[in-house]
Amino acid sequence: MDKTFRAKAAAICDDKIAKKGEGVGLSFYAFFANRNDRPELLFEVAEWWIKTHRLDHFEKAVKIREMLRSGA
């Protein structure tokens, strides 16, 4: 994933955490609008989430934010 998307996704995590607390979970779908206008990016993020890191469907936003910021 490119740095711009990583920053956007981390900001979405920050927003979810601010609104719902440190224990809030999210799926990779949280990073996309209901209308998917960038299917290639969706598949790239899905592969990062599912295949590369073997994450559950829902993960703690805090964990995902740190992974994104660390470059994982």
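**View 1. The whole chain, read along the sequence, follows the pattern α-β-α-β-α.** Three helices and two strands make up this pattern, where helices (H or I, at least four residues) and strands (E, at least two) are DSSP runs numbered from the N terminus. This is a predicted model, in which local features need pLDDT of at least 70 and side-chain atom pairs count only at pLDDT 80 or more, while totals for chains, interfaces and linings use all residues. Residues are numbered from 1 along each chain as its sequence is written, and side-chain values use heavy atoms, with hydrogens and water left out.

**View 2. Arg69 and Asp14 form a salt bridge that links distant parts of the chain.** Their closest N and O atoms are 2.7 Å apart, a salt bridge being a side-chain nitrogen of Lys or Arg within 4 Å of a carboxyl oxygen of Asp or Glu. Arg69 lies in helix 3 (residues 61-70) and Asp14 in helix 1 (residues 3-20), 55 residues apart. Both residues also belong to a network of salt bridges with Arg65 and Glu66.

**View 3. Asp15 and Lys19 meet in a salt bridge within helix 1.** The N to O distance is 3.2 Å, and because the two residues are four apart in helix 1, about one helical turn separates them. Asp15 is partly exposed, at 36% relative accessible area, whereas Lys19 is exposed, at 64% (buried means under 20%, exposed over 50%, partly exposed in between, with a 1.4 Å probe and protein chains only).

**View 4. Lys63 forms a salt bridge with Glu59.** The closest N and O atoms are 3.3 Å apart; Lys63 is partly exposed, at 40% relative accessible area, while Glu59 is buried, at 11%.
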